Amino acid sequence: MNDKIFDYCLRIGDSSLILSHRIGEYCSKAPILEEDLAITNVGLDLLGQAESFLNYAAELKGNTTADELTFKRKEKDFRCLHLVQTPNIDFAFILTRQFLIDCYHQTLFNQLVNSQDERISGISKKAIKEINYHLKRSTEWILRLGLGTDHSNQRLQNAVNELWMYTDELFIDNETDIQMDNLNIGTLSSSLKNPWEQLVTSTLRSASIEVPEANLYSLQYGKNGFHTEYLGYILAEMQHLPLLYPDASW
Amino acid sequence: MSDEDQGILWEVFIQVKAGRPFKHVGSLHAYDKEMAMKAARDLYTRRNEGNGIWIVKAENIISSDINDGESFFDPSNDKIYRHPTFYKIPDGVKHI
């Protein structure tokens with residue numbers, strides 16, 4: 001059982017970790033200073049959530065640490081979702097990716113606060129406050145870009161169209177989902193689809209954005225250890241220093 | 001939108017806790033009041049600085065003219081009787 005909880009914690013922790021890394025790459029590049037600080041703050045929140053889940057994962061596995069899991073694991077051992085691996089193409093992509101994940105996090109963590117696993121419910125109760133704020137912020141931006149000018153609407157629509165295919169993974173169940181659901185530790189990913197769709201589509205429609213058709217994108221998913229072409233490059237950068245100077249500290 | 005267009009300038013005031021005055025902490029740029037409030041939260045309250053925020057459009061603040069300093073403020077310099085410094089404080093009175 002512990003190896004499934006381990007896998008579940010990796011999935012949630014790795015997704016927050018890689019998204020926070022992507023946001024970190026964007027630091028100093030936002031259109032205005034206020035946004036730069038705000039989005040970086042979101043990244044820091046996500047890094048804190050990742051640390052909580054990876055600390056727990058490390059304890060479950062034994063004889064390792066969250067740092068080791070982060071900096072010494074190989075690509076195929078990561079369990080992050082494909083959506084968080086997508087590159088920072090422009091402000092619309094970054095905001096859309098954030099909005100889709102914020103909606104997912106809110107629906108997921110609303111369930112996890114009731115987890116039978118006290119550790120997971122504890123982390124989730126702390127995280128949900130941050131997530132609720134992230135979603136308010138990204139929703140405001142979706143509305144403003146969607147209802148702003150023709151140009152901003154087109155850029156946002158383009159980002160939604162391009163990123164939509166990565167959302168089917170969020171609701172695919174694997175063995176870990178089934179076992180976590182049976183034990184009331186987690187929930188079936190498929191059970192999150194309806195509340196997520198309601199959240200996402202109501203905001204997108206209010207923002208005059210067309211909701212794309214669902215399409216099956218892949219049979220290989222990040223939660224099963226199969227990744228996009230982007231993850232290797234992310235890890236190469238993220239793990240570079242710890243590999244060069246093992247166990248360095250300051 | 002030009003690169004220079006960062007939106008409207010707003011002034012931010014933070015209340016440390018209920019009942020205390022709101023104090024000016026700085027300014028920010030945002031395009032409307034909802035986004036100004038979110039930016040203020042991210043810029044000025046991330047380290048437990050307070051639990052209340054006021055935001056005012058900078059253009060709505062009426063400010064004294066720095067050139068009026070002489071006529072506005074100097075006349076009070078030599079009127080020490082405006083300060084209650086001539087009272088004898090009885091022994092035993094604290095906090096004055």
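Read along the sequence, chain B of this predicted model follows the pattern β-β-α-β-α. The chain thus described holds 2 helices and 3 strands. Its radius of gyration is 20 Å, well over the 12 Å that the globule rule gives for 96 residues, so chain B is more spread out than a compact globule. Along the principal axes, the C-alpha atoms of chain B fill a box of roughly 65 × 35 × 15 Å. Of its 96 residues, 9% count as buried. Among the contacts in chain B with a separation of 6 or more, 41% are accounted for by residues 24 or more positions apart.

**The sheet of chain B**

The strands of chain B form an open sheet of 3 strands in the order β2-β1-β3, with antiparallel pairing. In general, strands of a sheet pair through backbone hydrogen bonds, either parallel or antiparallel. The edge strands here are β2 (22-30) and β3 of chain B, each of which pairs on one side only. Neighbouring strands are turned against each other by 30° on average, direction ignored. Strand β1 (residues 8-15) of chain B is joined to β3(B) by 6 bridges, and the two run antiparallel. Phe13(B) stands opposite Trp54(B), a residue of β3(B). Helix α1(B) packs on the sheet and touches β1, β2 and β3 of chain B. The direction of α1(B) makes about 120° with that of β2(B).

**Positive phi values**

Most residues other than glycine have a negative phi. Two residues, one in each chain, have a positive value instead. They are set out below with their surroundings.

| Residue | Phi | Loop | C-beta atoms within 10 Å |
|---|---|---|---|
| Ser208(A) | near 60° | between α8 (193-206) and α9 (230-244) of chain A | 13, partly exposed |
| Asn48(B) | near 65° | between α1 (33-44) and β3 (52-57) of chain B | 7, exposed |

Ser208(A) counts as partly exposed because 13 other C-beta atoms lie within 10 Å, whereas a residue counts as exposed with 12 or fewer. Asn48(B), with 7 such neighbours inside 10 Å, therefore counts as exposed. The loop that holds Asn48(B) leads from α1 (33-44) to β3 (52-57) of chain B, and α1(B) is the helix that packs on the sheet.

**The nonpolar core**

The largest nonpolar core has 68 residues. Within this core, Cys9(A), Phe53(A), Ala57(A), Leu95(A) and Leu100(A) touch the most other members. Helix α4 (residues 91-112) of chain A gives the most to the core, with 12 residues. When residues up to four places away in sequence are not counted, Phe53(A) touches Cys9(A), Ile12(A), Gly13(A) and Ile123(A). Cys9(A) is thus both a contact of Phe53(A) and one of the core residues that touch the most other members.

**The contact between the chains**

At the interface, 7 residues of chain A are in contact with 11 residues of chain B. On the side of chain A that touches chain B, the elements that give two or more residues are α2 (33-61) and α5 (118-147) of chain A. The largest share of this side, 4 residues, comes from α2(A). By class, the side of chain A that touches chain B has 3 nonpolar, 1 polar and 3 charged residues.

Methods
Residues are numbered from 1 along each chain as its sequence is written. Chains are lettered from A and ligands numbered from 1 in the order in which they are written. This is a predicted model: local features need pLDDT of at least 70, side-chain atom pairs count only at pLDDT 80 or more; totals for chains, interfaces and linings use all residues. Two residues are in contact if their C-beta atoms, placed from the backbone, lie within 7 Å. Ala, Val, Leu, Ile, Met, Phe, Trp, Tyr, Cys and Pro count as nonpolar, Asp, Glu, Lys and Arg as charged, and the others, Gly among them, as polar. A nonpolar core is a set of buried Ala, Val, Leu, Ile, Met, Phe, Trp, Tyr and Cys residues joined through C-beta atoms within 7 Å. A residue is buried if 20 or more other C-beta atoms lie within 10 Å of its own, exposed if 12 or fewer, and partly exposed in between; C-beta atoms are placed from the backbone. Two strands pair if DSSP finds at least two bridges between them. Axes are lines fitted to C-alpha atoms, for helices over the stretch in contact, and angles run from 0 to 180 degrees between N-to-C directions. The radius of gyration is taken over C-alpha atoms; the globule rule is 2.2 Å times the number of residues to the power 0.38.
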